[in-house]
Amino acid sequence: MNPVMLITGAGRGIGAATAQLAARQGYTVVVNYLRDHRAAEGVVSAIREAGGQAIAAQADVASEDGIRGLFAIVDAELGRLDVLVNNAGVVDVNCRVEDMDFERVERMMRINVAGPMICAREAVKRMSTRRGGSGGAIVNVSSVAARLGGPDEYVDYAASKGAVDSLTRGLAREVAGEGIRVNAVRPGVIRTAIHASADNANKVDVAGQRIPLGRIGEPEEIASAIMWLIGSEFSTGSIIDVDGGV
Ligand code: NAP
């Protein structure tokens, strides 16, 4: 049976690109999404038409019930889990910290921090050799914002990704002796719909000029880094910047 990879937020963008690449490399992929059923089914269909295996799984990873339900689908339909990619994440409209309300920050932390942390909990329960599992790998999708801080745009988002980096380093050491490697990729500006969701659609047009390599990145370039980390058997607790040199 193929190894199984669960990718949160894989209906579009970086998650969808990772799903396609993973399927080409022989994984059965669980394409998690929140609302856009049609997009997720599109990713699954494209994978199947190319000869790969995938299923779509709706779940809100900002809720514990949603996460439990998602892993229950993996257990029932596939019966194993080898890789978790904690990819689902959101940004918000540009806002200085002095103008942020509590609800904004709480939402950001639920989706971008609590979600990956509790998904990692469920993955470790299934993968840990200490619990009878066969080991595995987790890749967290952080952001270059964790390093830059997101001033005048979204310090809350940057802080949530800083937490993802700490999760990566801490969990990597916690489960290193249990057959599980935990790494992260920190993308720079990547051509996805996330910027429109932040009312910042033209970010992709102007950002390229400020990036040393002179352009923004493509989702497939992050997918390659994620797959490299999954395959790099001497890497754990590593955080790789893929950001055009910012
Ligand atoms: P995107 O195009 O906006 O796609 C986000 C995906 O996540 C969608 O499939 C969406 O599902 C899903 N999602 C959102 N909230 C969810 C929830 N609560 N539960 C389950 N799924 C949820 O995003 P992207 O640009 O590919 O970003 C992916 C990751 O990369 C994020 O963690 C982001 O912070 C990080 N990142 C992105 C960039 C960039 O420039 N794009 C840069 C640095 C880091 P629906 O389609 O069903 O709504």
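Burial first: in this predicted model, 52% of the 246 residues of the protein chain count as buried. The overall dimensions fit with a globule. A compact globule of 246 residues would have a radius of gyration near 18 Å, and the chain comes in at 17 Å, which agrees. Taken along the principal axes, the C-alpha atoms fill a box of roughly 50 × 40 × 35 Å. As for secondary structure, the chain has nine helices and seven strands. Contacts reach well along the sequence: among those between residues at least 6 apart, 72% join residues at least 24 apart.

Helix α9 gives a look at how the elements pack. Its 13 residues, 219-231, should span 18 Å at 1.5 Å a residue, and the end C-alpha atoms sit 19 Å apart, so expectation and model agree. The buried residues of α9 are P219, I222, A223, A225, I226, M227, L229 and I230. These buried residues pack against one helix and several strands, namely α1 along with β1 (4-7), β4 (83-86), β5 (136-141), β6 (180-187) and β7 (239-242).

Strand β2 is home to T28. With a relative accessibility of 4%, T28 falls under the 20% cut-off and therefore counts as buried. Leaving aside residues up to four places away in sequence, T28 touches N2, P3, V4 and M5, and also Q53 and L78.

Now for the pockets. The largest holds about 1,300 Å³ of space. Its lining is made up of 50 residues, and G89, V90, V91, Y157 and I194 are the ones nearest the centre. Elements giving two or more residues to that lining are α1 (13-24), β2 (28-33), α4 (102-127), α5 (145-148), α6 (155-175), α7 (194-197) and α8 (203-207). Sorted by class, the lining of the largest pocket has 26 nonpolar, 14 polar and 10 charged residues.

The second largest pocket contains about 150 Å³. Lining it are A120, R121, V124, K125, R130, R131, L171, E174, V175 and E178. Here the elements that contribute two or more residues are α4 and α6, with α4 supplying the largest share, four residues. The class make-up of this second lining is six charged and four nonpolar residues, with no polar ones. Helices α4 and α6 thus turn up in both linings, each giving two or more residues to the largest pocket and to the second largest.

Terms used
Residues are numbered from 1 along each chain as its sequence is written. This is a predicted model: local features need pLDDT of at least 70, side-chain atom pairs count only at pLDDT 80 or more; totals for chains, interfaces and linings use all residues. Side-chain values use heavy atoms; hydrogens and water are left out. On a 1 Å grid over the protein atoms alone, a cavity is a set of points where a 1.4 Å probe fits but cannot get out, and a pocket is an open set with protein on both sides within 12 Å along at least five of seven lines; lining residues have an atom within 4 Å of a point. Grid points are joined across faces, edges and corners, and a volume is the space filled by probe spheres set on the points. Ala, Val, Leu, Ile, Met, Phe, Trp, Tyr, Cys and Pro count as nonpolar, Asp, Glu, Lys and Arg as charged, and the others, Gly among them, as polar. The expected span of a helix is 1.5 Å times one less than its number of residues. Buried means under 20% relative accessible area, exposed over 50%, partly exposed in between (1.4 Å probe, protein chains only). Contact means heavy atoms within 4.5 Å. The radius of gyration is taken over C-alpha atoms; the globule rule is 2.2 Å times the number of residues to the power 0.38.
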